Amino acid sequence: MKREVPMVLALVFAIIRIGFELLQPMIAWEFAPGKTVFTRLSFSLTFMSVMGLLMGLINLSRQHINTIRRKREHWVYSVWLLIVLYGYAIIGLIWGPDSNTFIWIYDALIVPLDSTMFSMLAFFIASAAYRAFRIRNVESTILLVVAFIVMLGNVSIGEMIWSSEAWLGGFKGIKDWILSVPNTAHARALSIGIFLGAYAAAIRVFLGLDKKYLGGTD
Amino acid sequence: MAMKTLMLLAAEAEAPLTKWGIFPNVDSAVFGMFFGIAMIILVYVMIQRARAGLPIPEIRRIPGMEAFEEAVGRATEMGRPVHITNYAEDVGDYDTWAFWSYLAHVAKLCATYDTRVINTNTDYLTQAVNEEIIKQAYLEAGRPDAFNPDDVRYCSPWQFGYTMAVAGIIAREKPAANFLIGYFYAESLILAEAGALVGAIQIAASSATSQLPFFIAACDYTMIGEEFYAGAATLSKEPVIYGSVVAQDIGRVAFTIIIIIGAIMNTFGNDAMIRLIMF
Amino acid sequence: MTFWEKMNAMDPRWIFLGMAVLLTIPVLFPLGLAITIDQETTVPIYNWIENLNPGDIVFADVSYSGGSAGELGPQHKAWFRHCMLKGVKVVWVAQWNTGAQLGYEFCLEVVEDLAEEGIEVEYGVDWVYVGWKAGGTTMWRNMQLDFWDACAKEDWVGNSFEDLPLMQRVKKWDKETCKGIMLFTAGSPGVPTYTTYFHDYDIYLGDVAVQVPGNMNLLRAGQIKGMLCGLPGAAQYEILLGRPGQAVKLMDAQSLGHLWIIVLVILGNIGFYITRKSGTPSG
């Protein structure tokens with residue numbers, strides 16, 4: 001019963017959802033003038049997802065309180081995490097998310113931290129390229145040459161070396177062709193495969209053949 | 001004159017609100033419905049054939065699938081943990097469903113070898129299911145006491161908050177095996193490089209095409225695109241799941257035929273195939 | 001240990017240091033390298049706004065956060081400036097809660113810059129920032145069905161839609177009201193929301209560079225009509241507007257960054273070749 005009920009619910013809601021996307025009478029089904037059933041059901045999903053955030057909060061708190069209690073390695077970071085987590089939430093609750101304090105923390109801390117993490121990509125791309133880009137065979141040579149062309153075709157220095165007004169449109173011309181033709185072909189082939197794989201996965205779940213979402217291993 | 005009036009009326013008439021009276025007037029609504037039904041029938045038939053032991057096409061081995069045991073074995077030998085994560089998707093997403101197959105497999109291997117498995121999450125609901133899957137794996141391996149719920153960690157719903165947390169966990173815990181499985185964005189390379197810096201053997205499987213180059217550069221094994229889903233299905237080794245993978249392969253052949261015929265027809269100025277698909 | 005063996009075993013921190021130096025120098029001392037305008041990706045977006053009539057309404061979406069603001073911020077500002085100069089009205093939504101406030105601040109920066117130049121732009125009349133609403137993709141589906149209801153009739157800063165003159169014209173998010181959608185995106189939720197539910201609209205993209213190859217097939221298929229590709233896209237848009245700004249300055253840094261990677265890869269391969277020839281395992 002514990003497994004059957006969620007499986008039946010998954011199937012029923014999948015059918016309802018498909019109906020709400022693909023059948024016009026269901027899309028236009030109104031329970032009051034101008035108010036569709038679909039919109040109301042979608043709103044309930046929104047509320048459920050917001051309430052689910054509490055689960056994350058509980059898990060994060062439990063895990064870090066345990067770390068502090070047992071004085072595990074780096075437990076001080078857990079203290080700091082809890083201060084920041086609840087501190088920011090409390091500031092938002094007391095002064096509101098459009099208060100100067102709340103926005104200052106966002107502007108002065110969150111945005112720079114976010115940018116810092118993203119900018120690390122530039123450094124990691126360099127180290128990964130240095131480590132992994134090796135001419136071992138024909139395929140890796142092609143990969144390397146294409147990477148050089150695309151990199152130079154994207155920046156001004158490439159234009160300086162081989163202008164887009166020169167033969168073949170320079171690095172930029174070849175880069176545009178690579179992105180438009182071979183790259184697009186590969187992306188479409190992969191997308192079709194991914195779509196079919198995802199579709200089959202969805203059918204398996206809705207037909208109750210794949211039950212891992214219930215927490216099992218089979 | 002009458003013809004001209006009719007043409008003017010046709011031009012002024014609003015587009016029909018529905019197709020066949022019940023489908024919404026959007027591209028591919030009818031085709032999509034029939035395609036969906038055909039796929040469900042195909043999956044059902046293939047599963048029935050697999051269950052009945054009737055012959056169905058073979059599935060090729062996916063490179064990288066054998067490496068899972070090797071990676072967990074290495075972690076066991078080194079006495080270091082295993083780390084597994086999927087970043088982007090929530091419980092209602094098919095990438096997460098595929099990820100759970102890998103998680104169950106890795107958790108079972110870790111439970112059998114008595115190796116610690118750390119799972120990091122960005123979605124609170126996914127984290128709850130992951131915890132159940134890992135707990136069940138330890139239970140099945142006869143080691144329920146070895147399961148540590150604190151190793152199934154919810155980090156942050158914010159992309160780079162999660163990335164910072166996971167990169168930190170990898171640097172501190174030094175996992176010997178790092179599994180990056182699911183849908184990833186800009187964090188892919190940061191996590192893969194964090195794993196490379198601690199010398200972890202790294203296996204990635206992703207349908208995120210824009211991140212595949214990073215995984216290929218930074219990981220030891222990478223399963224690309226559809227291999228990610230097919231690998232998930234083959235892990236369970238059930239005939240029913242196998243049947244669904246065969247069905248999706250047949251669907252792919254059908255798509256290829258449609259594309260070739262459509263391209264030829266369109267080249268010669270006939271757009272019937274395009275109109276059929278867009279209907 | 002030979003020089004090349006040492007190179008192969010180089011501490012990655014030297015690579016990071018080289019990258020940091022090469023990215024910083026051109027920011028402080030710009031080189032002024034030429035920038036070519038991309039006719040297939042950037043120009044269609046510019047022409048779209050140029051060809052709209054004053055008073056036409058477009059929708060724009062902030063689907064990024066601080067991380068990608070370096071690339072998408074200059075795009076956002078240049079495009080919004082163009083709309084305001086042309087008298088095109090913009091309704092902003094945000095699929096990312098972490099970037100909604102940032103997007104709002106970028107809009108305010110543009111408005112302040114215009115005010116300094118003597119061009120007055122009025123909130124609620126020329127633009128409205130609806131911002132982020134909880135519920136993910138499902139919420140965007142709801143907006144399509146009933147915009148006011150889905151947004152709880154309130155913008156990002158708490159104004160009621162009733163008090164905003166522009167919103168009186170945006171009772172519905174439909175093709176009559178919306179003359180196109182501009183999406184600035186760094187990931188998920190992002191493009192699929194629009195290619196799935198708004199596929200019959202003219203969709204334009206402001207994309208981070210890493211996602212450009214993945215989204216190029218959408219451009220070829222006509223699912224999107226134009227694309228600003230990372231920082232170069234922003235720089236090109238600034239040049240089209242005749243007002244080179246932050247993106248143009250940063251393009252030199254990007255050039256040198258790319259050059260550094262190329263040098264590293266060449267050095268790595270020379271080392272690999274020499275050490276392999278001498279029988280030492282490497283890389």
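**Notebook: the A/B interface, then chain C**

I started with charge pairing and got a count of 4 salt bridges between chain A and chain B. Worth jotting down up front: I'm working from a predicted model.

I pulled up one of these pairs, where the side chain of Arg131(A) meets that of Glu193(B) at 2.8 Å, N to O. That sits inside the 4 Å cut-off, so the pair counts as a salt bridge.

Next I checked polar contacts across the A/B interface, and the rule gives 7 residue pairs, both partners at pLDDT 80 or more.

Then I asked myself which helices of chain A supply at least two residues each to the side that touches chain B. My list reads α1 (4–22), α2 (24–27), α3 (37–69), α5 (100–132) and α9 (182–206). The top contributor is α9(A), which gives 16 residues to that side.

I sorted the chain A residues on that side by type and got 33 nonpolar, 14 polar and 10 charged.

For the overall extent, I found 57 residues of chain A in contact with 68 residues of chain B. I also wanted an area, since interface size is often given as the accessible area lost when the parts come together. For chain A and chain B that comes to about 5400 Å² buried between them, with 73% of it on carbon and sulfur atoms.

Last, I turned to chain C and looked up its domains. The assignment splits out domain 1, made of 3–30 plus 253–277, and domain 2, covering 42–244. I computed the spacing too: the C-alpha centres of these two domains of chain C lie 38 Å apart.

Note on methods. Residues numbered from 1 in each chain as written. Chains lettered and ligands numbered in written order. Predicted model: local features only at pLDDT ≥ 70, side-chain atom pairs only at ≥ 80, totals over all residues. Heavy atoms only, no water. Contact = heavy atoms within 4.5 Å. Buried area = accessible area lost by both parts, 1.4 Å probe. Polar contact = N/O pair within 3.5 Å; in protein donor to acceptor, adjacent residues only side chain to side chain. Helix = DSSP H or I, 4+ residues; strand = E, 2+ residues; numbered from the N terminus. Nonpolar A, V, L, I, M, F, W, Y, C, P; charged D, E, K, R; others polar. Domains from an automatic or database assignment.
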